[in-house]
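Trainee: Could you take me through the surroundings of the ligand in one close look? I would like to follow the story outward from there.

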Amino acid sequence: MPFFDPIESTFYGHCVERLLTSTELAPMLAGGIVEIGPGTARPVVEALQRSGSRVPITGYELDAEAARIASRAVAGAQLGNYTVVQGDFFAASAPARQARCAIGNPPYLPAIVRPVGASHLWGGHDGAHVARRVLSQEMDVVLLMIASISDPVGLVEHARAAGYRVADWLVRPIPFGGYSRQPWVRRRIGELARSGRAFFGPEGYLLAGVTWVRVGGPIAVAGEPDHAATVLRRILTAAGSAHDLDETAGVARTTTVDGRRRARIASGHHELPDRSVSRLSGSGA
Ligand SMILES: C[S@@+](CC[C@H](N)C(=O)[O-])C[C@H]1O[C@@H](n2cnc3c(N)ncnc32)[C@H](O)[C@@H]1O
């Protein structure tokens with residue numbers, strides 16, 4: 001089955017909507033947007049419906065079944081500006097492509113070997129491999145979901161080294177789910193935590209929807225402080241200091257009520273008008 005998580009995928013859709021309605025970034029989106037891994041396509045379909053944006057978006061989905069389901073969802077929504085293609089996002093990234101913006105909720109599960117049953121969600125040894133590849137494509141604007149369990153500091157530094165500045169971000173808590181609790185993923189998250197590359201608390205971790213704008217090569221950003229990136233780094237590393245998901249298991253179980261996963265709201269987070277979702281946001285503009 002294609003990946004769709006009511007909390008995470010909905011949050012991704014809200015981040016995409018925020019990008020589509022940004023007047024400041026609008027000129028950079030005019031050539032179109034390419035998406036890595038639409039999954040069911042629901043997040044972007046809903047973002048397009050809510051925003052009314054006419055920007056053309058092409059989603060590349062590796063998984064054949066997901067691509068079929070996504071194409072049906074797009075056809076059903078009667079959106080003329082969203083297309084889902086089955087294939088590898090990176091193979092499709094020809095330099096001649098017109099789109100200068102990439103978006104996605106890329107695979108971010110860290111594990112040493114490809115996790116059985118969740119291979120399409122594998123983000124390499126530190127979980128950030130796919131996100132780093134997207135940030136190495138030299139797009140002008142990149143919106144990616146990044147997780148505090150997947151070397152967030154290294155990833156923010158990679159973006160900076162690739163010439164990006166943080167333009168906008170939203171953060172919200174994500175409860176641990178079945179995928180992150182699989183033994184090979186759990187073990188790896190613990191190892192990353194012990195070396196200061198994964199941050200989580202009793203109930204889960206933090207997920208950020210980060211929009212970067214490319215301002216040039218490493219030299220262009222070298223002397224320039226990126227305050228938004230600094231704040232983002234501080235927030236993601238404050239997600240918690242547990243070293244093992246086992247430490248968190250007892251508390252996390254209390255968050256499951258009637259079989260439904262619920263996100264607890266961490267203190268200090270302020271609520272936006274959508275009261276079901278607690279988020280922090282920032283802008284580097
Ligand atoms: C975490 S899921 C996100 C799905 C959806 N965007 C959502 O948020 O609900 C990641 C998706 O990326 C797809 N994927 C992984 N690597 C890919 C690649 N190189 N090219 C295209 N799709 C890829 C997976 O098959 C999966 O559907």
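Mentor: Happy to! Domain 1 (1-105) and domain 2 (107-260) both contribute residues to the shell around the ligand, so the ligand lies between them; the domain bounds come from an automatic or database domain assignment. Bear in mind that this is a predicted model, where local features need pLDDT of at least 70, side-chain atom pairs count only at pLDDT 80 or more, and totals for chains, interfaces and linings use all residues. Residues are numbered from 1 along each chain as its sequence is written.

The ligand is surrounded by 23 residues, and the closest are Ser9, Gly37, Gly39, Phe89 and His120 (near means a C-beta atom, placed from the backbone, within 6 Å). Helix 1 (8-20), strand 2 (57-61) and helix 5 (89-92) are the elements giving two or more residues to this shell; helices (H or I, at least four residues) and strands (E, at least two) are DSSP runs, numbered from the N terminus. By class, the shell has 15 nonpolar, five polar and three charged residues, with Ala, Val, Leu, Ile, Met, Phe, Trp, Tyr, Cys and Pro counted as nonpolar, Asp, Glu, Lys and Arg as charged, and the others, Gly among them, as polar.

Now follow helix 1 away from the ligand. Ser9, Tyr12, Gly13, Val16, Glu17 and Leu20 in helix 1 meet a set of helix 3 residues including Arg42, Val44 and Ala47 (contact means C-beta atoms, placed from the backbone, within 7 Å). The residues of this contact divide into six nonpolar, three polar and four charged. Arg42 of helix 3 also takes part in the meeting with helix 4, where Arg42, Val45 and Gln49 face Ala73, Val74 and Ala77.

Terms used. Two residues are in contact if their C-beta atoms, placed from the backbone, lie within 7 Å.
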